[in-house]
Structures are given as C-alpha cells and as structure tokens.
Amino acid sequence: MHSEVVGMLSFGVLGPLVVHDEYGRGVPVRGVTQRRALAALLSRANETVAHDTLIAALWEEQTPARPQAALQTTMSRLRSLLKGSSGAVECIRTEATGYRLVVDDPERLDCWKAEELLKSARAALDRPEVALPLLVEADRLWRGVPFGEVAEHVQFQPVVAHWEEVRLAIVESRAEALLNAGRAGDAALLLEPHIQAHPGREHALGQFMRALYASGRQIEALSLYDRHRRELSEELGLDPSPDLQRIEQQILRHELPTVSQEERPPAASAPSRNDSAASRIPVPASQFIGRDDDIASISRLLEHRRLVTLLGIGGIGKTRLALHCARAVVDRYPDGITVCRLAELPPGADIVHAVAASLGVVPDASRSVEDHIAAALTGKRHLLLLDNCEHVVAAASELMDRLLASTESLDVLATSREALHIGGEQVWQVSPLAVPLAGEDTAPAVDLFLDRALAADPRLRFTAEEMRQVVRVCRQLDGIPLAIEIVAARLGVLTIDEVSARLADRLTLTNRTRSTGTRHRSLADVIDWSYDLLTPDEKRLFDQLSVFPGEFTLEAAAAITRTDDGPVPDIADLLLRLVDRSLVQRAERHGTSRYRLLDALRQYGHRNLTRTGTAIETGARHAGWYANFADTVTKRPLIAGLSWIETIDAELPNLRAARQWATEHDPALAVRLVASLHWYAAWCCSREAFEWAEAAVKTAGEVAPELLPTVLATIAVGAWMAGDMTQARCLTDRGMAAAEKSGAEPPRYLLDVAGDIASFDGKFSEAAQWYDRALDRARSERDDVQRMINLGCIALATAQAEDDADPVILADEVLKEVNRGGSPDLRAWAYYCSAHLVTAADRERARRDLWTAVDLAGRTASPFVLGLASLALAIMEIEDGDDPSSEAAEGIEAAKGLSPLNVASRFGNQSGFELVLENTRVQLTANDEEWEDDQPTPPNRVVVDRAMSVLRSV
C-alpha cells in the first residue's frame, strides 16, 4: 500500500473545485484530468473509489489505450500537486482495488461542513438566535454549482443532485428560523426567488404562504396557492399536498400568527439584504478574474480579525480585491461600509480629515476630529475600507490603532504596500495571478489576458501557437494584473507577436484607460511610486538585488550587495523593510527564507544599476559567489536539511546567470563553475550541465588548464550515458593526457570515470583500483558526495573481481558509512548497491533494500538512482512471478520523464534514460563482443531485454 503525506489541506466542492493549505492559500490543481480525479475522490471521500469508476470519470469521451497505466500516471501527478503543503496527514492512499482520499475532519471539506451546520441548525429551529447564524454560515459555503466544471459529467450527477438538495434544505430551514423569530418579511424576501427557481417544492411554497400572511399579505398568499393548485390540476391532474391544503385553511380561518409593523425588526438587521450599502461600494465594470479564493479567505478572516491589511506591490489588484471583499461581506455590517481613498494625499500627510469626510462626520471645536469619528462609530457595526495606506502609513497606523481601541464593532479592511504594524493586524499577501504550469495553457492570468484582449477587439481569435505565445507573455509579466491589462489592451492595434516583442521594455508600456489614476499609467509609474518612498540605503539594496534572476537567500544577498564603504552592515533589516514594502517577495522553503523580485521590479532595478554604472561589478560579485557556492555545495551531502541536489536545483537560475556573466566577462570563472557541477550533471542526467561542459572545454585549455581534465571527465560521463563508449574512452584518455601535461594528478572526477569504463569493459579489478584512487582524492579534498558514491562503486567492483569477497559484508559497510550522513539520493544509491550485492544470499533483504532505495530516491530529483532502483525492483518482481508494482512503474516513468537525453544506441532509438539503464546496470554490463569465452556470461543482453520489456509496459 502506498500513501503520500501532505499538509492540512481543505477542499471545496460547493462550486468550482478548490484546495487550500493550512494558511488558507490556494493550492492550484489546474490539469483537467487531475481535477476530474480529485473530484471523483472527493465525491466519495474516505471511501475507496474503484479503478474502473475513476477511469470512467476521467475519460468519459475516449478511454486511453492503457487506462490502468494512464490512471497511475494521473494519480501520481495529483499526489505531486498536493505535495506542496507540510504536515503529517495522510491524504491519498492507494488501495488494492482503487484509491482513497482521506479527510479526517468535516471542517476540511466544505460540503460536509455545510451538512453538519444544517444538522445542528435543524435541531435548534425553535431557537432562531442559535439556528440562523449556523444557516447563514452554511449558505455562504456555496460558490456555485457543486463540483463546478465536472457537474455535467454523468458520473457526478447523483452527488451533485444530493448537494443541491442540501442547499435547498438550508434555504428552507433558514426561512423556518426567520418565521420562528417573527421576521416574516425577511423570510418572504428569502423565499420569493427560491420558489421562482423551484416551483414544485411544496414545503417551501407553504413557508412562503405563511410568510406572506404573517406580513399582512394574505391575498397574495391565497393567490399563490390558487395558482399552484391550477397548475397541478392542469398539468398533472393532481391536488396540492394535505399540508399545503391545511395552510390554506389556516389562512382562511386566520389561525396563523401575524407580525405587526411595530414588532418587525428593522430592515437594516436583515441577514442577507443590505442593497443600499452594497450599491455605495464602487466596483469597476470590467470582469474580476482569478480572486475567488482570496475573497473567500479574506471574508473568513474578517469574521475573526478587526483589522485585515491586503499587502502587495502596485498593480497587483489590492483595491479591486478589497472592494469585492466588501461587497461579499456587506450583510455583516448593517450600519454600512465606507470606502476612504488615500491615494491623492501627499506623502506623510495626516489622514484624519480624509477619514472624517468619507464617513460624513462634520467635526466642531468641542473636541478633536478623532473623537468625533470615534463617537460616530461607537455602537455601530461598520466596515471601514482604507485604500492606499503606504505613503501615509504612520498616520494610518496611529488613527486605526486609536479607533479600534475606542470602538467595539468597527472593522477595518486596509490596502497598502506596507503593513500598518499595529496590534491585532492580520496581513493578507495579495499574490500575482497564477500562470499556467508547464504544458498547460489555462490559468487565471491567461483568463484575464483573454478577457481584456477581447474587450480591446471582440473579433480576436487565437490559434494554438498564439495561445502558447499568450502563455509566455503572462509568465513574463509574472501574473501582475495591471501589467497583463496594459499589454492585452495593445491587441486592439498589434498582433500577439508584436506585443511579445515589445516586452523587453515593458516598463514603458502605458495604460490607455482614462479612469486610471496617474500612479497606474505605466508599470514604471507604479514602481516609481514605491521606489520614491525608500531611503537611499533601501534604494541601493533594491537595485543590487536585481542581479538575482530568481530566488535568493539572505546569505547570498549579504555576499553580493555593497555600500560605498563595503558590505551592507544591516542587510537583514534592510531586506525586511523591502519585504514590508512589497518590493521583495519572501517565501519559506524547507524552513529557510528565500526572496525574489518580480520580473518587472527586477528590470526596474537593473535599469538603475546600468544608469549608475554598477551593473558589471554587481554581476561580478554574483558570479564569483555562485562559483564558490557550486564548489562547496557539491561536496556536502546535506545542507541545512536539504540534499545537495535539492540545494543546487533551488539555485539553478542563479547558476545560469552566473555562468552567462562569467562566459562573457571572466571565462576562467565560467570553467571553474562548470567543473564544480560534475556530479550534478551525472546524477541528474542533466543535458544542460553536459552542454555547459562542452562549451567550457573550448576555452579551458587556455584560461584554466588545471581544470581541463575535470571538464573532459564531465563530457565523458555524458558520452557513456548516451551509449557512446568509444567517445567516452577518447575523452577520458584526453583528460589523463592533459593532467600528465600539467604535472598534476588526475582529478577525482576523471579517476571515477576511468573506473566506470573499466567496469563497463568487465575489468573489475582495474575498476576497483581506479575507484580506490578516486576515493583517496575525495577524502583528501573533503568531497563527501564523491566519497559515498565511490564506496558503493568499490563494493560492486570488488564483489565481481574477488571470489573470496563477502558481498553481504561489503553491503553492510556501504550502508553503515552512507547512512551516517548521506542525503536521500546517496542513501538510495547505497541501498541499491546493497540490494545488488546481497541478492544471491538474501533475496528478501534485497527486495526490502530496493523498496527503500525507490522511496529515498523519489524524494529528490535524481533520475539516475530512481530509475536504476525502480527497474531492478520491477525485474525482481517479474522474476518472482509478480506484475511490476505501481511504485516501481511510477519510478521508472518519473525517471524517464526527467531524463533529457535523447540519443540512439546499438539497440535502436530509445530515450537516454533507457540507455543509462542499459549501459550502467551498476556498471556491470559490457559489450558482448569484448568478452572472452572463459569469462562468465555477461548479464547485459538479459538485463537489456528485461529493461526494455518493463519500460514498454509502463
């Protein structure tokens, strides 16, 4: 049984499918197949959904040729999508007959929560003060048709119908509670559209008749009944139900209670109508896209927090989001919602008079303006929307702190590029709109682009290639709504290709909408507004941070940024202030803070670096630091809890930029950086890193001759992985000659490659000697990654070369050493070596070790080890008469997908990963024609045939 551990996820099916993590942030599940799979599992949460049921739900139109394999792939991808959260709650489980989604708390599935609220409310209908809040909360959980886009699918129609019935029951229970509370007018307002939409629901019709009668509208109640009776008779030949007939008689006999005008609650306290307040909230006419999750989460926050601040960079859509949130919660504020816009105030101004004017407070000399405002709000259930606080943040903080302390029922929803930093503040970071994942073309950012483009020219139609261009544009714009709207509007006069070509200078693109304020005329205007509020030190730091193309750490920022006098002394404090001002984004990855600038901000900062003439020196510090980083990190299996591979993966954008800068300005530094990534290229089958080595070898002989053997070793690994052993031998020989020419010992990487080639040739004693020499160099140079790899290689070669070698002892020694401090991928390598060594002596242990290797390798992007371990496990299962397990198949498939090598071998055209498997079967395969008659039969042909069979099957 297989399970994945994910965080405390919450799921929403009462509308389009949504997933939230424990902090209320949306978890995107955008693929159509994955969304259908999730919907099918959620429709029967905590139950096993059979394979056939899932296949039918996923592919109603056309079932794939291998549905079981396709289902495994889909579920594997869905697990990966849900893996982003932390925690320890098992979510998706693989069962013998299907899959099961575990939801351990009804609060984490909105339909279950709604049903629980309805159940509790029904038990308290005679206490409407208890029942009504429960029913209002339940009703708010609905965001549309249950299960959204899959609702029309035949598989989902029964469950959709069930939850639609629950929704109707909530409305009718709410009406009953209102009637019991003596609020017949509110009940009538609620029931009228309900009856129009569902005329056949006689229970609701009876409630409506009672509400009309109690409100003094008995003629309307009787007319309603008479119309219903006639329709039943004419269309179905039936009479109204006995209950409905009884209500008619009670009305005729005046046996039902009525509510006098004096007894009715004031209209302002109605739970679901505050039309006048809603009408005073200005909302732009254009469609609001991609923020449903934000609105729902912010609305929930306002239930528990009195001050919620929407934080984000300019142009991210904070104001529009706040306005839509205000409309969503209008029913909670019977005394109104006030919008106070601060954008036109000068920086540092006092805001008290602007707030007073927005509230309609006219102060006099008897007391301060603040006291007048507090007096006007005392006892009022009111929401103050304070828009654009960043340039008056001190005044806004002081006034809001005082008002919240002196009033009990005032709530504040603020928008700012900087938090107010007062007690009780809840910050909500407004993120850019999501952009499509790799291979997809739908996401909120694309939806916004298309909507605004069609507004510019309704005749627009996009081809598949143009849609791919739209996706690229949205990614380049980082999903920033203002940037997308500015660019999309250009499609009224330009093609998508012409628009894309102009993005190189996106800061100059202007907004042609007349209603747009001066701060939003262009992206440059938006950023200028924030940049001008910075101190000189903050401006200098912001500009220098633009050298990072992606995420970066505080350590990297400290190493690369400078003041006029040297390193920045208070880098952490300055960086935090830029985060507070929404100019730098912060995220936590594996317990470490990482930072980044959105692309438009990075371009703005880099433009400033170029203007001041400091771009070259900043780039030099960046490239130098990352060259040192690469040299250090590839020797250490674990760095701050991460494997060395994960650490490099996180810094790939910076390593690319560093290499590019060094190639243009300091070729020797470029060679040093590339040489440090030897094991990353090999372990990850990285085509990119191999290509870097091929480029570096052209200059290494001149600018860094001492590193030429190492670069040749990296290219040699790429050659033997591609099945070209002739080229691998040639490159290794060149490396040895270059080392001899320089008078130095061959580098440890080259010694290791020589061992690989000897193993491939069946010369295991020679291979063990090469690996021993490589191990000695690794120890002397404190390269723990290579040391642990070579320990496994030595054990494998020794077991083949020496008849008296005990493979079990060799396996135990490798595991003991690597488990002491190895990363998951290196431990996976050790368990894989152990399994190979002990197979003959202890097959069950070998199977356990392979399972461990597959599990460990799956935690890091190491296709080489994952593929080897998965294939070996599949082969063992076939040899034992079993079908390959889904875990083994998924591991092979994942490794195939990660391998970028596409070359041909003597066995035909196969993926590079298949060739890795074929040529490196733990470096124990060999060319058939090179074996002598007296040597044992090589396993090459049998292994390759089995490998190709398994690979074809998955």
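1. In this predicted model, Asn46 sits in the loop that joins helix H1 (32-43) to strand E4 (48-50). Although Asn46 is not a glycine, its phi is positive, at about 70°. Most residues other than glycine have a negative phi. With a relative accessibility of 34%, Asn46 counts as partly exposed, because the partly exposed class runs from 20% to 50%.

2. A second positive phi in a residue other than glycine occurs at Ser582, where the value is near 65°. Ser582, like Asn46, is placed in a loop, here the one between helix H24 (571-580) and strand E14 (585-589). The setting of the side chain should be read separately, since Ser582 has a relative accessibility of 1% and counts as buried, whereas Asn46 is partly exposed at 34%.

3. On the chain as a whole, the model contains 43 helices and 19 strands. Of the 954 residues in the protein chain, 55% are buried. Among contacts with a separation of 6 or more, 68% are accounted for by residues 24 or more positions apart.

4. As for confidence, the protein chain has a mean pLDDT of 80, and 83% of its residues reach 70 or more. Over residues 1-7 the pLDDT is below 50, and this stretch has 32 contacts in the model beyond near neighbours in sequence. Residues 85-89 also have a pLDDT below 50, with 20 contacts beyond near neighbours in sequence. Where pLDDT is low, the predicted coordinates should not be read in detail.

5. Ser173 belongs to helix H6 (residues 157-180), and at 6% relative accessibility it counts as buried. Apart from neighbours within four places in sequence, Ser173 is in contact with Leu118, Arg122, Leu125 and Leu135.

6. Helix H19 (residues 481-489) is largely enclosed by the rest of the structure, because 7 of its 9 residues are buried. The buried residues of H19 are Pro481, Leu482, Ala483, Ile484, Ile486, Val487 and Ala488.

7. Arg596 is found in strand E15 (residues 592-596), and its relative accessible area of 28% makes it partly exposed. Although Arg596 and Phe548 are 48 residues apart in sequence, their C-alpha atoms are 7.6 Å apart in space. When neighbours within four places in sequence are set aside, the contacts of Arg596 are with Asp478, Gly550, Glu551, Phe552, Val584 and Gln585.

8. His622 lies in helix H26 and is buried, with a relative accessible area of 2%. Leaving out neighbours within four places in sequence, His622 is in contact with Val547, Phe548 and Pro549, as well as with Ile560, Asn654, Ala657 and Ala658. Phe548 therefore appears in the description of two residues, as a contact of His622 and as the residue whose C-alpha is 7.6 Å from that of Arg596.

9. Helix H26 (residues 615-633) also packs with helix H29 (residues 667-676), their axes coming within 8 Å and crossing at roughly 30°. At that angle H26 is roughly parallel to H29, because angles under 35 degrees are placed in that class. The crossing of the two helices is left-handed. On the H26 side the contact is made by Ala623, Gly624, Tyr626, Ala627, Asn628, Ala630 and Asp631, and on the H29 side by Leu669, Arg672, Leu673 and Ser676. Sorted by class, this contact has 6 nonpolar, 3 polar and 2 charged residues.

10. Helix H34 (residues 748-760) packs with helix H35 (residues 764-780) at an angle of about 165°, with the axes 8 Å apart. H34 and H35 are therefore roughly antiparallel to each other, whereas H26 is roughly parallel to H29. H34 passes H35 in a left-handed crossing. From H34 the contact takes in Arg748, Leu751, Asp752, Ala754, Gly755, Asp756, Ala758 and Ser759, and from H35 it takes in Phe764, Glu766, Ala767, Trp770, Tyr771, Arg773, Ala774, Arg777 and Ala778. By class, the contact of H34 with H35 has 9 nonpolar, 2 polar and 6 charged residues.

Terms used
Residues are numbered from 1 along each chain as its sequence is written. Side-chain values use heavy atoms; hydrogens and water are left out. pLDDT is the predictor's confidence in each residue, from 0 to 100. Contact means heavy atoms within 4.5 Å. Helices (H or I, at least four residues) and strands (E, at least two) are DSSP runs, numbered from the N terminus. Buried means under 20% relative accessible area, exposed over 50%, partly exposed in between (1.4 Å probe, protein chains only). Axes are lines fitted to C-alpha atoms, for helices over the stretch in contact, and angles run from 0 to 180 degrees between N-to-C directions. Angles under 35 degrees count as roughly parallel, over 145 as roughly antiparallel, 65 to 115 as roughly perpendicular and the rest as oblique. A crossing is left-handed if the near helix is turned anticlockwise from the far one by less than a right angle, and right-handed if clockwise. Ala, Val, Leu, Ile, Met, Phe, Trp, Tyr, Cys and Pro count as nonpolar, Asp, Glu, Lys and Arg as charged, and the others, Gly among them, as polar.
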